[in-house]
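Hi,

Here is the structure I promised to pass on. Have a look at it first, and my notes on what turned up are below.

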Amino acid sequence: MGKNSLSRRDFMRLGAGAAALGAAAKVTILEPRTLWASLGPVPPSDTVRFGIIGTGIEGCSLLSATLPVPGIECVAAADLYDSRHIAAKEALQGKDIETTRDYRRILDRKDIDAVLVATPDHWHRKAVTDVVESGKDVYCEKPMSHSVEDGLAMIEVIQKNKRMCTVGSQRVSSILYAKAKEIWDSGKLGMVDTIMAAWDRNTDSGAWVYPIPPDASEQTIDWKTWLDGAPSRPYDPVRFFRWRCYKDYGAGLAGDLFVHLISGIHAVTGTNMPPQRALSSGGIYHYKDGREFPDLLWTMFDYPHYQMVLRCNHNNSEVGEFFGFYGKSGTMTIQGSTLTYKPQAPYEQPEDYSVFGWPAKLRDQYYEEWRKNHPRPEAGKFKVGEDEEVYTPPPGYSDMTDHLNNFFNSVRTRRPVTENEVFGHNAALGCHMSNAAYFSRQPAVWDAAANKITT
Ligand SMILES: NC(=O)c1ccc[n+]([C@@H]2O[C@H](COP(=O)([O-])OP(=O)(O)OC[C@H]3O[C@@H](n4cnc5c(N)ncnc54)[C@H](O)[C@@H]3O)[C@@H](O)[C@H]2O)c1
């Protein structure tokens, strides 16, 4: 069987969207190209050694995702919660790395080239600053910044120290989004004025109500350091583990999920600027647990050539993760891991609405004339929906592994990264504008001259 043909089992594994399209749609399994196809073995002298700061949920996912990447080695991990030292080693399949509460020990090591930062958002600026000032390259989790000022300061320090920075919105390295970009760039969507995207969930975990591990305490967690510049308060495991709910440490739905949608849309459309204006609406409808961010958030964003409408909610998951690019000549959607392109009006049709207000004689004349100018295709030359295209990555594909691989490749080769600090900052600005509009109940406008959001 050819590499791109589908066995029945593969087909069953594809998203429901692809399967539902039936026989008319052409389904293509995309070739993984960055990691598996283009990178040969790396000589031991080119091995990139790295450390990680923050080995919670995302830190451990990153460590697991690095396992298939050739030519790299994790040698140290820092975390303020002791059990996460064990979790980090387990994510590396038992590798015995140095673990510490104090990340300076990683930055002082001369054998480390790069550091992954997977702390909560309020720590990104300080950790990234310290990493690049120690002469190492940095992979910073999304959203890059916790505030506009943080993002501007981070760009400055990264560029001043001439370090590589990749921001961790992995869709930017995904083969699925690369295909979407190819379709966008081909122009076959025609003029696109509307892009809609959503990320909906309906579980307590999806709403960040994470369980608190039984060994968590002031003895096992360095709470004071974790607070950093945030207002001082007594040890609070709810804030430590569910930090996404609170403004002092996170940015709610916008920072957690809009940022992925914005980064994906920016990557596909070749946009590298903040939105010009944001209008938000939403509320806390179900999770009235003391959180500061809404559990339903809508934001409409203005860009020079299109409108972007985003929604995230915690209370119904029917839509899941969805992108729609609506063009005059075609529609492109990404639902989970299935990309579909559909022509908007593939065949010319006679007017069939307003002519019903015409007398029958004029209407008949119109149809006769139309048919004369549009002869029917000869027998056997009809096209039946074969212009619809469906793409999906192969089973087991990981865009996070590709994103990390791209970062480590840039560290090794000094070639530009796929998602640098300016791209990451612009995507994060969209999140900050969304929240500014939600909390002020006013439109939030990006003032490019003053580098700030005004409401
Ligand atoms: N790219 C993605 O798909 C994705 C997914 C989830 C989370 N994230 C991002 O990853 C980051 C971490 O999220 P998480 O869910 O893993 O949070 P988490 O709370 O599970 O883990 C964060 C860890 O960072 C540690 N930490 C904080 N400050 C530290 C410091 N100064 N030194 C050492 N360790 C420190 C904490 O002790 C904690 O264990 C966030 O920015 C989040 O937005 C990205």
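**Around the ligand**

A polar side-chain atom of H260 sits 3.3 Å from an oxygen atom of the ligand. The protein covers 95% of the 840 Å² of accessible area that the ligand has on its own. Before you read too much into any of this, keep in mind that the model is predicted.

H260 has company. An N or O atom in the side chain of W243 lies 2.9 Å from an oxygen atom of the ligand. With G168 it is the backbone that takes part: one of its N or O atoms is 3.0 Å from a nitrogen atom of the ligand.

If you want to click through the rest of the site, there are 27 residues around the ligand, and the ones that come nearest are E58, D79, R84, D121 and R244. Sorted by class, the shell is made up of 13 nonpolar residues, seven polar ones and seven charged ones.

**Cysteines**

You'll probably want to know about disulfides, that is, covalent bonds between the sulfur atoms of two cysteines. How many disulfides does a search of the whole structure find? Zero.

Two cysteines are worth pulling up. Why does C60 not bond to C74, which has the closest cysteine sulfur? The two sulfurs are 10 Å apart, and that is too far for a bond, given that a disulfide needs the sulfur atoms within 2.5 Å. C60 is also buried, with a relative accessible area of 15%.

C312 tells a similar story: the closest cysteine sulfur belongs to C431 and is 9.6 Å away, again too far for a bond. C312 is buried as well, at 0% relative accessibility.

**Three strands in a row**

The other bit I looked at is strand β13, residues 330-335, where five of the six residues are buried. On one side, β13 pairs with strand β12 (residues 321-327) in the antiparallel sense, over five bridges. To find your way in, start from F323, whose bridge partner in β13 is I334. A hairpin with two residues links β12 to β13.

β13 also runs antiparallel to strand β14 (residues 338-343), and six bridges join them. Here Q335 has T338 in β14 as its bridge partner. The hairpin of β13 and β14 has two residues between the strands too, and G336 in that hairpin takes a positive phi near 60°.

Shout if you'd like to go through any of it together.

Cheers

Conventions
Residues numbered from 1 in each chain as written. Predicted model: local features only at pLDDT ≥ 70, side-chain atom pairs only at ≥ 80, totals over all residues. Heavy atoms only, no water. Near = heavy atom within 4 Å. Polar contact = N/O pair within 3.5 Å; in protein donor to acceptor, adjacent residues only side chain to side chain. Areas by Shrake-Rupley, 256 points an atom, 1.4 Å probe, with all protein chains shown as cover. Nonpolar A, V, L, I, M, F, W, Y, C, P; charged D, E, K, R; others polar. Buried < 20%, exposed > 50% of the residue type's maximum accessible area, 1.4 Å probe, protein only. Helix = DSSP H or I, 4+ residues; strand = E, 2+ residues; numbered from the N terminus. Pairing = 2+ DSSP bridges.
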